Amino acid sequence: MRILSARITRVRRNRHTEHVEAIVALTAYTGGGPVRAFIRISAPARAPGAARLRDRILGAAKLSFAADPARSTARRAA
């Protein structure tokens, strides 16, 4: 599997839990061709010593998709 593109959409900060919630749209190339997947992800808003928020959200989404591709909402990309 190879990630072709990733876009973060619908970002929302929950001030009570101090997490940022977002939907990440991934386009991945699998053996059957390109697939578009939409993954809901949550990450801590502040993590001292960690990577930037954008990188943490994208990394979590890619890891989630790689671990279980069937769990995310997916459809064939044109």
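How many helices and strands are there in the chain? The chain holds one helix and four strands.

## Overall layout

This is a predicted model. Along the sequence, the elements come in the order β-β-β-α-β. Taken along the principal axes, the C-alpha atoms fill a box of roughly 40 × 20 × 20 Å.

The chain has 78 residues, and buried residues make up 29% of them. Contacts were also sorted by sequence separation. Among those between residues at least 6 apart, 47% join residues at least 24 apart.

## Surface and charge

The chain exposes about 5400 Å². Carbon and sulfur atoms supply 51% of that area.

Which charges do the side chains carry? There are 16 positive and 4 negative side chains. The centres of the two sets lie 8 Å apart.

## The helix

Helix H1 covers residues 53-67, 15 residues in total. From its first C-alpha to its last, H1 reaches 21 Å. That is close to the 21 Å expected at 1.5 Å a residue.

Which residues of H1 are buried? They are Arg56, Ile57, Leu58, Ala61, Ser64 and Phe65. An arginine and a serine thus sit in the list beside Ile57, Leu58, Ala61 and Phe65. The cover over these buried residues includes three strands: E1 (2-14), E2 (19-30) and E3 (33-44).

## The E2–E3 hairpin

Strands E2 and E3 form a hairpin, with two residues between them. The two strands run antiparallel, and twelve bridges join them. One pairing can be named: Glu21 has Ser42 in E3 as its bridge partner.

Both hairpin strands also take part in covering the buried residues of H1.

## A closer look at Thr27

Thr27 is found in strand E2. Is Thr27 buried or exposed? Thr27 is buried, because its relative accessible area is 11%, and the cut-off for buried is under 20%.

What does Thr27 touch, leaving out residues up to four places away in sequence? The list is Arg2, Ile3, Leu4, Ser5, Val35 and Arg36. Among these, Arg2, Ile3, Leu4 and Ser5 fall within the span of E1 (2-14). Val35 and Arg36 fall within the span of E3 (33-44). Thr27 in E2 therefore has contacts on both E1 and E3, and it is buried at 11%.

Key:
Residues numbered from 1 in each chain as written. Predicted model: local features only at pLDDT ≥ 70, side-chain atom pairs only at ≥ 80, totals over all residues. Heavy atoms only, no water. Buried < 20%, exposed > 50% of the residue type's maximum accessible area, 1.4 Å probe, protein only. Contact = heavy atoms within 4.5 Å. Areas by Shrake-Rupley, 256 points an atom, 1.4 Å probe, with all protein chains shown as cover. Lys, Arg positive; Asp, Glu negative; His and termini not counted. Charge placed at Lys NZ, Arg CZ, Asp CG, Glu CD. Expected span 1.5 Å × (residues − 1). Pairing = 2+ DSSP bridges.
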